[in-house]
Amino acid sequence: MTTIIGIDPGSRRTGYGIIRLEGNRYTHITSGYLDVTAYSSCERLRPIYLGLQEILQSYQPQEAAIEQVFMHENPGSALKLGQARGAAIVALTIPIAEYSAREVKKSIVGHGAASKEQIQFMVKRLLNLKQDLQADAADALAIALCHAHARNLRKLTDLAEKKG
């Protein structure tokens, strides 16, 4: 049994989602987002760091997955996103895997150009959730699920190589 936290870094809202992986079964533990819009852009990194540290202490995940920064049209936005991602990475004291947005979408929906609504729908479906998910929380859960899929695929590949 492994507990995985997925992080969707954002300069205004950083999503988090925690799942438990048992074999091929996924269980939703918690999800949400850290809203840092009340802070100036320079002050936003500290509450992201502290908020994630508190979540880590409460739920004790063993592995983490975080979305890679993709290049925005606006370099200023990319820098702010990179800073939020850095604050999240520093807060994580466990092994971290990185996935591109395209990898996550392909893993969860089946194609790399999936919409936010498609991600939300499939995350709810995969985790058998009844309640609606906020977009940042759904994205974070999708990142955690992507990591779980990749982790299981690596195990299968390792088994095949040992047998072959």
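**Strand pairing and overall form of the chain**

Strand E1 (residues 2-8) and strand E2 run antiparallel and are joined by seven bridges. This comes from a predicted model. Within the pairing of E1 with E2, the residue opposite Thr2 is Leu21. Four residues lie between E1 and E2, and the two strands form a hairpin.

E2 covers residues 13-22; seven of its ten residues are buried, so the strand is largely enclosed by the rest of the structure. Buried here stands for under 20% relative accessible area. E2 also pairs with strand E3 (residues 25-35), in the antiparallel sense and over ten bridges. One of the pairs in this ladder is Arg13 with Asp35, the latter in E3. E2 and E3 likewise form a hairpin, with two residues between them. Gly23 sits in that turn and has a positive phi of about 65 degrees.

The other pairing to follow is that of strand E4 (residues 63-67) with E5. These two strands run parallel, and four bridges join them. Ile66 has Glu98 of E5 standing opposite. E5 spans residues 96-99, and its two faces can be told apart by their cover. In a regular strand, side chains alternate between the two faces of the sheet. In E5, Ala97 and Tyr99 make up the covered face, while Ile96 and Glu98 make up the uncovered one. Glu98, the residue opposite Ile66, thus belongs to the uncovered face.

The whole chain can now be put around these strands. The protein chain contains five helices and five strands, and along the sequence their order is β-β-β-α-β-α-β-α-α-α. The radius of gyration is 16 Å, close to the 15 Å that the globule rule gives for 164 residues, so the chain is as compact as a globular protein of that length. The C-alpha trace spans about 55 × 35 × 35 Å along its principal axes.

Burial and contacts can be given for the chain as well. Of its 164 residues, 44% count as buried. Among contacts between residues at least 6 apart in sequence, 59% join residues at least 24 apart.

What remains is the surface and the charge. The accessible surface of the protein chain comes to about 9100 Å², and carbon and sulfur atoms account for 50% of that area. There are 20 positive and 16 negative side chains in the protein chain. The centres of these two sets lie 4 Å apart.

Notes. Residues numbered from 1 in each chain as written. Predicted model: local features only at pLDDT ≥ 70, side-chain atom pairs only at ≥ 80, totals over all residues. Heavy atoms only, no water. Rg over C-alpha atoms; globule rule 2.2 N^0.38 Å. Buried < 20%, exposed > 50% of the residue type's maximum accessible area, 1.4 Å probe, protein only. Contact = heavy atoms within 4.5 Å. Areas by Shrake-Rupley, 256 points an atom, 1.4 Å probe, with all protein chains shown as cover. Lys, Arg positive; Asp, Glu negative; His and termini not counted. Charge placed at Lys NZ, Arg CZ, Asp CG, Glu CD. Pairing = 2+ DSSP bridges.
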